[in-house]
Each structure stands twice: as structure tokens, then as C-alpha cells.
Amino acid sequence: MSSPAASGAEAGDGYVLYGTKGSGSAIVEIGLRWCGQDYRKVHASSWEGGSEQEALRVLNPLMQIPTLRTPEGEVLTESGAILLHLGLRFPDAQLLGDSSQQRDQILRGLVYIAANCYSCISVIDYPARYTTSADKADHDAIIDGTKARLHKHWEIFADMFPGQPWLSGATPGALDAMAVIVSKWSGSRKHLEQHRPGFFALLQRIEALPVVAQVCALHWPPKPA
């Protein structure tokens with residue numbers, strides 16, 4: 001579905017996704033594939049010096065990924081916003097459900113994950129940004145506290161959003177893509193397996209879907225035996 005990474009993008013170039021392996025860009029790849037859209041990947045991240053950092057900076061001054069350039073040359077950031085764009089542009093894919101009530105709950109869930117779960121990850125990865133202290137013990141305390149809060153946020157999400165049979169309704173959609181990837185790379189699955197086993201089983205079902213499994217295999221290749 002995607003072609004080899006390239007460094008540039010022009011209007012009319014089709015969808016161009018800036019991201020890297022093992023990151024939230026997997027969310028957008030799932031959405032694009034579910035919508036039947038070809039896309040080109042540009043290897044870029046703020047932490048990989050050999051990636052297309054300057055190209056990413058031009059499009060997104062925060063240098064956050066995923067960043068998506070549309071065929072018209074518009075720039076989209078924030079995974080939830082990109083999924084909303086795809087869901088509205090390609091309604092037949094039913095990323096946003098098949099009723100207004102279902103759509104409302106999907107929107108609620110997407111914003112919940114972005115505000116409460118996704119946001120914790122940057123604190124865990126870069127604790128020094130969130131304190132004036134240079135003490136490593138303080139940084140470690142921030143990490144520990146944020147991980148506990150992240151796990152609590154996922155517990156609340158699991159209680160509020162049971163699969164019926166999927167998080168997005170009758171068919172897998174935007175909320176399934178967001179939840180399965182953010183829970184995977186935030187390191188929350190072990191906690192959920194113990195404390196919310198039903199939700200953990202749902203995440204496993206989502207990850208076993210063909211498109212999701214293909215994208216996950218690209219981002220998190222199986223380790224050699």
C-alpha cells in the first residue's frame with residue numbers, strides 16, 4: 001500500500017506520511033489502509049538524526065509525528081484529527097461509525113485518548129521538560145507517577161468504552177486504531193491484562209485484524225527466535 005520513503009512532498013503528490021517505526025504513525029497507516037488510500041512514507045522524527053528532520057520541522061514546528069500531508073498539500077497533525085479527516089473524507093470506510101450516536105462516542109473516545117493517555121507518554125519519555133529540577137530522582141518520580149496515572153486513565157477508558165463488538169461499533173474504525181496502537185507503544189498492555197482482562201482481549205482481537213497485524217509487523221517486527 002505504501003511506497004519507499006522519500007524526503008519531499010508536493011501538492012497533488014497523494015498522501016505523504018511523516019513518521020518512524022514503533023510510533024503513533026502506525027495509527028494513521030491503519031486509517032489510510034482501511035480507507036483504501038495509497039500513501040508515501042517519509043522517515044522522520046525529532047529523535048533520529050539521520051531522518052528527514054528539517055522537512056518535518058517545516059510542516060510541523062513541534063516536530064511531532066505522525067504528520068500527514070494531504071493530496072491538496074494541506075498539513076494535518078495530531079493522530080485524532082487525522083483520523084477525523086479520513087473518516088469524514090471517506091465515509092464508506094465507517095471509521096466514525098454508522099450513526100450519529102456512534103460517531104459522538106468515537107469523537108469522545110479519540111479526544112479522551114489524546115488528552116489523557118497520549119499526553120502522558122511525552123512526560124514519561126521526557127520528564128526533564130516538566131520540572132525545573134535537574135535531580136534524576138525527581139525525574140524518576142515524575143516517570144513513576146505518570147505511568148501510574150496512564151494506567152488509571154486506561155482503566156477508566158476500558159470501563160467507559162466496551163466493545164460492541166468493536167470500539168467503533170459494528171465495524172472496526174478510528175477509535176479501534178487509536179486505542180490499539182497507543183496502548184501498545186505506551187507499555188500499558190501488561191497492566192491491562194491484569195486489571196482489565198476483557199479490554200485486553202478486545203485489544204488483542206483488534207491487533208489480529210489483517211490490516212492492523214500488517215502495520216504492527218512493520219512497526220514492531222517479530223524478534224528472531
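The following exercises, each with a worked solution, examine the cores and helix packing of one predicted model.

Residues are numbered from 1 along each chain as its sequence is written. Local features in this predicted model need pLDDT of at least 70, side-chain atom pairs count only at pLDDT 80 or more, and totals for chains, interfaces and linings use all residues, while side-chain values use heavy atoms and leave out hydrogens and water.

**Exercise 1. Describe the largest nonpolar core and state which helix gives the most to it.**

Step 1. A nonpolar core is a set of buried Ala, Val, Leu, Ile, Met, Phe, Trp, Tyr and Cys residues joined through side-chain atoms within 4.5 Å. Buried means under 20% relative accessible area, exposed over 50%, and partly exposed in between (1.4 Å probe, protein chains only).

Step 2. The largest such core has 53 residues, and I113, W154, F157, L167, V182, F199 and I206 have the most contacts inside it.

Step 3. At least two residues each come from β2 (15–19), α1 (25–34), α3 (79–89), α4 (100–125), α5 (136–160), α6 (174–185), α8 (197–208) and α9 (210–219). These elements are DSSP runs numbered from the N terminus: helices are H or I with at least four residues, strands E with at least two. The helix that gives the most is α4, with 9 residues.

Step 4. Contact means heavy atoms within 4.5 Å. Leaving out residues up to four places away in sequence, F199 touches W154, F157, A158, L167 and L192.

Step 5. A second, separate core has 9 residues, among them Y18, V42, A44 and M63.

**Exercise 2. Determine how α4 and α5 are arranged, and which kinds of residue form their contact.**

Step 1. Two packed helices are described by the angle between their axes and the distance between the axes. Axes are lines fitted to C-alpha atoms, for helices over the stretch in contact, and angles run from 0 to 180 degrees between N-to-C directions.

Step 2. The axes of α4 and α5 come within 8 Å and cross at roughly 165°. Therefore α4 is roughly antiparallel to α5. Angles under 35 degrees count as roughly parallel, over 145 as roughly antiparallel, 65 to 115 as roughly perpendicular, and the rest as oblique.

Step 3. In α4, the residues that meet α5 include Y112, I113 and N116; those in α5 that meet α4 include L150, W154 and F157. The contact divides into 13 nonpolar, 4 polar and 2 charged residues. Here Ala, Val, Leu, Ile, Met, Phe, Trp, Tyr, Cys and Pro count as nonpolar, Asp, Glu, Lys and Arg as charged, and the others, Gly among them, as polar.

**Exercise 3. Determine how α1 and α3 pack, and identify what covers the buried residues of α3.**

Step 1. The axes of α1 and α3 are 10 Å apart, at an angle of about 5°, so the two helices are roughly parallel.

Step 2. I27, V28, G31 and L32 of α1 meet S79, I82, L83 and L86 of α3. This contact has 6 nonpolar, 2 polar and no charged residues.

Step 3. The buried residues of α3 include H85 and G87. Their cover includes β2, α1, β4 (67–69), β5 (75–77), α4 and α6.

**Exercise 4. Are L32 and L68 buried or exposed, and which residues do they touch?**

Step 1. L32 lies in helix α1 and is buried, with a relative accessible area of 0%. Beyond four places in sequence, L32 contacts Y15, Q37, Y39, L68 and L86.

Step 2. L68 lies in strand β4 and is likewise buried, at 0% relative accessibility. With residues up to four places away not counted, L68 touches Y15, V16, L17, V28, L32, E74, V75, L76 and I82.
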